[in-house]
Structure formats: structure tokens, C-alpha cells
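Biologist: Please take a close look at one part of this model for me, the pairing of charged side chains, and then set it in its surroundings. I am new to this, so please explain each term as you go.

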Amino acid sequence: MATNTVEKSAIQSATQEKPQPAPDFLHHPYTRAVLPFVNGGLAGMSATVVIQPVDMIKVRLQLAGEGVREGPRPTAFGVARNIIASGKVLDLYTGLSAGLLRQAVYTTSRLGFFETFMTSLKKTADSSNRSVTFGERAVAGLAAGGVAAVIGNPADLALIRMQADGLKPVEARANYRSVIDALARIPKAEGIGALWAGALPTVVRAMALNLGQLAFFSESKAQLKKHAPQLSTRSQTFAASAIAGFFASFLSLPFDFIKTRLQKQQKDPATGKLPYRGVLDCARKVVRDEGWLRFYRGFGTYYVRIAPHALVSPTSLSGCIALTRFVKHGYAARG
């Protein structure tokens, strides 16, 4: 009888769950929640360092020949050559501080919200014993891009102003020392609302960019796994990134063009009027004075600018997802 009691106690002790240690920093719920945002921001900032010169050239191409249908047609190589020929190679990195701040704010939010939305969608899909659809990915991408664009518009505007400053006569240049200097001086001279100039096309551009970059990347990766399993994971990632980069560029370039024009414009000192009253007025005047194809001038340059983000951001996002899942579930394995 006593033996049975001892055996029962031993069995109960053996089957009793071991107490789990208190979660460390990496396994804290708050840490798990912010991981997608932090990793997304770091991915975007890394890509910005790579493509900042290309972004500078892209902006100069979009602002060249404003209001003129005929005349010289600048090329990416021509713009780069002119900047370098002036003896200021580092001018290609004009606005880098604003570009980094923009990524720290915009891409952190964009990728973080996208992963948050996708996690929620995946839970819903798993409960219904199905996969997340392309439409759901697209909605997640559009929503994440739109919210992030509103948050990041001031840094985006500062970037355009800094990059466009060199096109003005020397006496009219603002000569911003950094993004902090630009963000302090612009609202002081033009009002706080000026920091959100071009916000509408910025939001639409971000939504189109996210649709092409994140949704098409996810869909392309899924289709490649299904129809081209012989390709390595790395090859599938590069192919999906190339496809996503093309669609992201094609869908977003017209809005990026209008955004650049609206964010660059300032009131005429003589009349006190802006060149464009808004998105539709800008689009109408570009079509009338410069032609429809002007919206896609420099498509190749824009694609090169988008490609590193289409590769670095989703790849890092995948890594972040893996890290997040490890942090979420690896704790149990440690116990």
C-alpha cells in the first residue's frame, strides 16, 4: 500500500510540468511585438545607403524640363556625369540624412504593419484550413503602405527639398545642413502644413509600391515554390524580388513623379502662388505641357532604385519573421 503511494507520487512528480524561467529581453512579449518594426527599419536604411545616388539621379530626372514638351532629354548617365563633373561626387549623397530618417520612420512602419496584418490574416486563414489569398496580401500591403506614408511624409519632403536645392540659382538655395535643419526651417518659413505637402500622392504611391513590392513578392515566392521547386531558396528569392520590383516600379512611378513635383514646389516670390494647386492640377499640366510619357521618364533608373528595396526589404522581413517565430516558440524548447 505504501509502495503504491510512493509510486503514484513519483509518477505525479515526473509528469508535473517544469517551472519556466522568467522571460528574458528577447522573449518578452513587447520585444516580440516590435521585432518586425525594428528589422524593417534596419532593412530600409541599409538599402537606402546603397541606392541614395540613384535616388538623387531619379529626382533630378523628374524635375528636368518642367513645363516643356520639347528640348533636351536628360539621361541617368548624363545627370550623374554633370554632378560628378562639377567636382562634388558626394553631391550624389545629398539628402542622405533625410533618406535614412525617412526609412527609419516609413519603412519601419510599412514592414512592421505589413507583418502584423499578415500574422493576423494567417491566423484567420489557418482557422479556416486555407491559405492566405493574394487579395488579402494586397489589402495588407495597401493598408500598411498608406499608414506608413502619412507618418513618413515630413522626412520624404525634406529629402526632395534637399535633393532639388542644387537645381536653383546659387543665391536662391536653402543650403540645408541636415534633415533636422530642413525640418526646422521649412515649417518656420511655410507653416507646419508644408511638411505634409504632396501627402496624397505619397500615400497612393506607397500603397501602389507596397502592392507591387510586398504582395507581388509574397505571391511570386509562393508560385515559384509551387511551380519551380527545383530552384534554390536563394534563386526563388531573387526571382521574386525582380518580379516584385518591376510591378512596384510600374504601379508607383506616376505617383512618385507627381509627389516629387508637389513636394519640390514653393510659392512664387512675386505672385505668392504655387505652380500646382494639387494632384489633379499637376497631372493635368504635365499631360498638357509635357505629354503622358513624362510620367515614366527614367523608368529604368527608378527600377534600379526600387530593386534593392524589393530585395533587401522582403528578404530581411523573411528573416525577421523567422526570428520572431523563433522568439515566440523557441522559448518552450529551452525550458
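Modeller: A salt bridge, as the word is used here, is a side-chain nitrogen of Lys or Arg lying within 4 Å of a carboxyl oxygen of Asp or Glu. Before we apply that, please keep in mind that this is a predicted model, and that pLDDT is the predictor's confidence in each residue, on a scale from 0 to 100. Local features need a pLDDT of at least 70 and side-chain atom pairs count only at 80 or more, while totals for chains, interfaces and linings use all residues. Residues are numbered from 1 along each chain as its sequence is written, and side-chain values use heavy atoms, with hydrogens and water left out.

The structure holds 20 salt bridges, and a good one to begin with joins the side chains of Asp55 and Lys58, with 3.9 Å from N to O. Both residues belong to helix 2, residues 29–63, where they are three residues apart and so separated by about one helical turn; helices here are DSSP runs (H or I, at least four residues; strands are E, at least two), numbered from the N terminus. Are these two residues buried or exposed? Buried means under 20% relative accessible area, exposed means over 50%, and partly exposed is what falls in between, using a 1.4 Å probe and protein chains only. Asp55, at 2% relative accessibility, counts as buried, and Lys58, with 4%, is buried as well.

A little before this pair in helix 2 we find Pro53, which at 15% relative accessibility is also counted as buried. Leaving aside its neighbours within four places in sequence, Pro53 is in contact (heavy atoms within 4.5 Å) with Leu92 and Tyr93. The C-alpha atoms of Pro53 and Gly95 are separated by 9.8 Å, although the two residues are 42 apart along the chain.

A second pair makes a useful contrast: the side chains of Asp181 and Arg177 meet in a salt bridge of 3.5 Å, N to O. Here Asp181 is buried, with a relative accessible area of 9%, whereas Arg177, at 70%, counts as exposed.

A third salt bridge, between Lys285 and Asp281, has its N and O 3.3 Å apart. These two residues both lie in helix 9, residues 279–290, four residues apart, which is about one turn of that helix, and both of them are buried. Salt bridges can also share partners, and in this way Asp55, Lys58, Arg205, Asp256 and Arg305 are joined into one network.

Helix 9 leads us on to the helix before it. The axes of helix 8, residues 233–264, and helix 9 come within 10 Å and cross at roughly 105°; such axes are lines fitted to C-alpha atoms, for helices over the stretch in contact, with angles running from 0 to 180 degrees between N-to-C directions. Angles under 35 degrees count as roughly parallel, over 145 as roughly antiparallel, 65 to 115 as roughly perpendicular and the rest as oblique, and helix 8 and helix 9 are therefore roughly perpendicular to each other. Their contact is made by Phe257, Ile258, Arg261 and Leu262 of helix 8, together with Val279, Cys282, Ala283, Val286 and Glu290 of helix 9. In the loop between these two helices sits Lys267, which is exposed, with a relative accessible area of 58%.

The nonpolar side chains complete the surroundings. A nonpolar core is a set of buried Ala, Val, Leu, Ile, Met, Phe, Trp, Tyr and Cys residues joined through side-chain atoms within 4.5 Å. The largest one has twelve residues, among them Leu157, Tyr176, Val179 and Ile186; helix 5 (134–164) and helix 6 (179–190) each supply at least two of its residues, and the largest share, four residues, comes from helix 5. Apart from this core lies another, of ten residues, including Ala206, Ala248, Leu253 and Ile306.

Finally, a word about the whole protein and about confidence. The protein has ten helices and zero strands, and 44% of its 335 residues count as buried. Its average pLDDT is 82, with 81% of the residues scoring at least 70, but confidence falls to its lowest in helix 1 (residues 2–15), at a mean of 54, and reaches its highest in helix 6, at 95. Over residues 319–335 pLDDT stays under 50.
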